[in-house]
Amino acid sequence: MAAVAVSKDSLESDSDIHITLEDQQKINRFARQNAKWEELRDDLKHKKGDLQNLEDASDDLLLVEDESAPIPFVVGEVFVHFNMEEAQEKLEEAKSKVKKDIESIEAECTNVKSIMSDLKTQLYAKFGNSINLEAEEE
């Protein structure tokens, strides 16, 4: 998560820099956008994991020898048995939905990063090294 910090000591030593209400609102907006970006990044990671699981399940279906055997498929919290063809269709539908979700999350991430970049530019222009908006190393 990015640190949003304005060094009070450095502000007091430079009498030209004052934090206005507008500046504080920009800092708060940056912090909210950063939190949203972190959340979106986690969602994206989980969706990509879901997509990988669906692709693995699809590959596993190819290895089934008895095509007449019922294939258990999770719907909500229960397993429903489908024949091979129906199970493949359901997997493809699920993969398609997850791919659309991934595209949507990626688009939202791009939008949030753009807003953050704009706010960073404005805040660094005013506060210079007195503010840290960079992500903390983990």
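This is a short tour of the structure, stop by stop, with a suggestion at each stop of what to select.

Begin with the whole chain in a cartoon view, keeping in mind that this is a predicted model. The chain has three helices and four strands, and reading along the sequence you will meet them in the pattern β-α-α-β-β-α-β. Of the 138 residues of the chain, 28% count as buried. Among the contacts in the chain with a separation of 6 or more, 72% are made by residues 24 or more positions apart.

Next, colour the chain by pLDDT, which averages 87, with 87% of the residues scoring at least 70. Then select residues 8-12, where pLDDT stays under 50 and for which the model has six contacts beyond four places in sequence. Where pLDDT is low, the predicted coordinates should not be read in detail.

Now move to strand β2, residues 71-75, and add strand β3, residues 78-82. These two strands pair in the antiparallel sense over five bridges, and they form a hairpin with two residues between them. Select Gly76 in the turn, which has a positive phi of about 70°. To see one position across the pair, show Pro72 together with His81 of β3, which stands opposite Pro72.

Keep Pro72 selected, since the next stop is the largest pocket and Pro72 is one of the residues that line this pocket. Add Leu54, Ala57, Leu61, Ile71, Phe73, Val74, Ala87, Leu91 and Ala94 to complete the lining. The pocket has a volume of about 170 Å³. Which elements each supply at least two residues of the lining? They are α2 (21-62), β2 (71-75) and α3 (84-127), and the largest share, four residues, comes from β2. If you colour the lining by residue type, you will find 10 nonpolar residues, no polar ones and no charged ones.

For the last stop, follow helix α3 to Cys109, which lies in this helix. Is Cys109 buried or exposed? Cys109 counts as buried because its relative accessibility is 11%, below the 20% under which a residue is called buried. Show Trp37, Leu40 and Arg41 around Cys109, as these are the residues that Cys109 touches when residues up to four places away in sequence are not counted. Finally, place a distance label between the C-alpha atoms of Cys109 and Leu40: the two residues are 69 residues apart along the chain, yet these atoms are separated by 6.5 Å.

How values were computed:
Residues are numbered from 1 along each chain as its sequence is written. This is a predicted model: local features need pLDDT of at least 70, side-chain atom pairs count only at pLDDT 80 or more; totals for chains, interfaces and linings use all residues. Side-chain values use heavy atoms; hydrogens and water are left out. On a 1 Å grid over the protein atoms alone, a cavity is a set of points where a 1.4 Å probe fits but cannot get out, and a pocket is an open set with protein on both sides within 12 Å along at least five of seven lines; lining residues have an atom within 4 Å of a point. Grid points are joined across faces, edges and corners, and a volume is the space filled by probe spheres set on the points. Ala, Val, Leu, Ile, Met, Phe, Trp, Tyr, Cys and Pro count as nonpolar, Asp, Glu, Lys and Arg as charged, and the others, Gly among them, as polar. pLDDT is the predictor's confidence in each residue, from 0 to 100. Contact means heavy atoms within 4.5 Å. Two strands pair if DSSP finds at least two bridges between them. Buried means under 20% relative accessible area, exposed over 50%, partly exposed in between (1.4 Å probe, protein chains only).
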